[in-house]
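Colleague: I should be grateful for a close look at a single part of this model, namely its main pocket and what surrounds it. Please give the cut-offs behind each term.

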Amino acid sequence: MKLGRPVALRLTAGIGALALAGAAAMTLSTSEASAAVTGTATGYATQNGGTTGGAGGATVRATTGTQIHQALCDRASDSTPITIEVEGTINHANTSKVSGDSCNTADGVIELKQISNVTLVGVGSGATFDQLGIHIRESSNIIIQNVTVQNVKKSGSPTSNGGDAIGMESDVRNVWVDHVNLLASGGESEGYDGLFDMKDNTQYVTLSYSTLRNSGRGGLIGSSETELSNGYITFHHNLYENLDSRTPLLRGGTAHMYNNYYVHLNESGINSRAGAKARVDNNYFKDSKDVLGTFYTTAAGYWQVAGNTFDNVTWSASASDYKPAGPNPVSNTSVSIPYAYKLDDASCVPGIVGQTAGANKGMKVSDGSCSTQTPDPTPTPTPTPTDPTPTQPTGTNLSLGAGADGSSKADGTSYGNVRDGSMTTYWSPSGTTGSVSVKWGTATTISKVSIRETAAGAGRITTWRILNGDTGAVLASGSGAGVITVPKTSLKKVTFEITGAGATPQVAEFETYAQ
């Protein structure tokens, strides 16, 4: 898509507002902008072991980009937890590379590379990264909260981070970005790229209570039609305003968009393509064009829609490489969500998002019932017990002799292998995700499940759900194989659904117990 003169004209009105917003960010009272890390991660960032950032580590204060880099480099190791409280304007003039064994930084960008367990949080009078992007690469367990990132360019002067406000690439896992402002002052022809980009195997990310404004491109998940290793991304309670496209562009993978407010999407919105699956729940779209579909490609994507409001949305005619979901969007796939969440009714989304989204707004969140609340500061985590391994259940393994089926199976594996009492035989799905079930001819009561991986496949399963196979109800969800307690339930079929894995899983035994 070419972004030329029309983009600049559309964004002119927004630029003045951006300038005022930038000035306001520097004059906020302490009560408005001051914030410690607040709340806990939501959405897909809760999966794959969760996202806690620098919880439990030291807290330091930084007022320059160089000080942020120095704090990373002063750690004992690249995984030592740290929370960096940021205040003031961070820009090219005060951001330099710092070297050390626990960091890999660079000039002209905030570089979070080959590290883990880090929180960046804006405090005091506010934190603004001006013309300076945040780059996350080969890293995990990162939280960014209560900051503004604005006017990051890929061409012109100065440049930073390939023009992305926040960019993630190369084996990134578990990132929670919350209560931030991401802004540009034009489209690609003015030197800007994406506000929130993810590529090259980035997974388990949540963007919540944030604003994305005045840009040609909101963001992408996957850099090409063949780069499909990204996914498990949640977007909720965000404001997308005055954007041309990519809210987001989703290539492959799975994303969940709920309770977002989209206004003035000028060319297209959520672009699901190349086999991607988007679950789109209770969002509010206003004064926009082609807000959902597969655009600028013949590689189809899919969506499940429910509870959305389309207020003055226009829809183009369908073509071979441009297929809007409207004018009456309907689902063409189903998307299972492994985590708990509450939906505000779409009618109150503009109001809720207006009160909560963005930096320096008191860190308010929705209560899931169209009202706001302020969560407590994140508590220091309780140390893990010295022996966290669950005790194997006692009693009869009810799976022995039962039936079995599933969603798919890899060559040389069998559903029946999960209930034969042998740790040397196993079932694998045809990919990294899938489901296997144990079933009985008469109703059977269970309260515990034990998922046992083979020795060779140990640790591959990252996230899962236990389902009542009779009703489809979710009995439990979590991460990692092992002993799982479920509500005492009488059923004829129980399903173990793998929703995330680091490699093809190998389930040797799917054991079930009455107690």
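Which strands each supply at least two residues of the lining of the largest pocket?

Modeller: The model is a predicted one, in which local features need pLDDT of at least 70 and side-chain atom pairs count only at pLDDT 80 or more, while totals for chains, interfaces and linings use all residues. Residues are numbered from 1 along each chain as its sequence is written, and side-chain values use heavy atoms, with hydrogens and water left out.

The strands in question are E12 (202–208), E15 (231–236) and E33 (482–501). Strands here are DSSP runs (E, at least two residues), as are helices (H or I, at least four), and both are numbered from the N terminus. E33 provides the largest share of the lining, five residues. A pocket is an open set of points on a 1 Å grid over the protein atoms alone, where a 1.4 Å probe fits, with protein on both sides within 12 Å along at least five of seven lines; a lining residue has an atom within 4 Å of a point. The volume of the largest pocket is about 600 Å³, counted as the space filled by probe spheres set on the points, which are joined across faces, edges and corners. Its lining comprises 25 residues, and those closest to the centre are Tyr232, Thr254, Lys277, Thr433 and Thr499. By class, 15 lining residues are polar, eight nonpolar and two charged. In this scheme Ala, Val, Leu, Ile, Met, Phe, Trp, Tyr, Cys and Pro count as nonpolar, Asp, Glu, Lys and Arg as charged, and the others, Gly among them, as polar.

The second largest pocket offers a volume of about 440 Å³. Thr42, Tyr209, His236, Val365 and Ser366 are nearest its centre, among 25 lining residues. Strands E9 (172–178) and E27 (365–366) each contribute at least two residues to that lining, which divides into 13 polar, nine nonpolar and three charged residues.

Aromatic rings complete the picture. Tyr232, one of the residues closest to the centre of the largest pocket, is joined by ring pairs into a cluster with Tyr44, Tyr204, Tyr258, Tyr339 and Tyr341. Rings of Phe, Tyr and Trp (its six-membered ring) pair if their centres lie within 6.5 Å; planes under 30 degrees apart are stacked, over 60 edge-to-face, and the rest tilted. There are 15 aromatic pairs in the structure. One of them is stacked: tyrosine 262 and phenylalanine 285, 4.6 Å centre to centre with 10° between the planes. This pair connects distant parts of the chain, strand E19 (261–265) and strand E22 (284–289), its members being 23 residues apart. Tyrosine 262 has a relative accessible area of 0% and is buried; phenylalanine 285, at 1%, is also buried. Buried means under 20% relative accessible area, exposed over 50% and partly exposed in between (1.4 Å probe, protein chains only).

A further pair involves E33: the ring centres of tryptophan 464 and phenylalanine 496 are 6.3 Å apart and their planes lie at 40°, so this pair is tilted. Tryptophan 464 belongs to strand E31 (461–468) and phenylalanine 496 to E33, 32 residues apart in the chain. Both tryptophan 464 and phenylalanine 496 are buried. Thus E33, which supplies five residues to the lining of the largest pocket, also carries one ring of this tilted pair.
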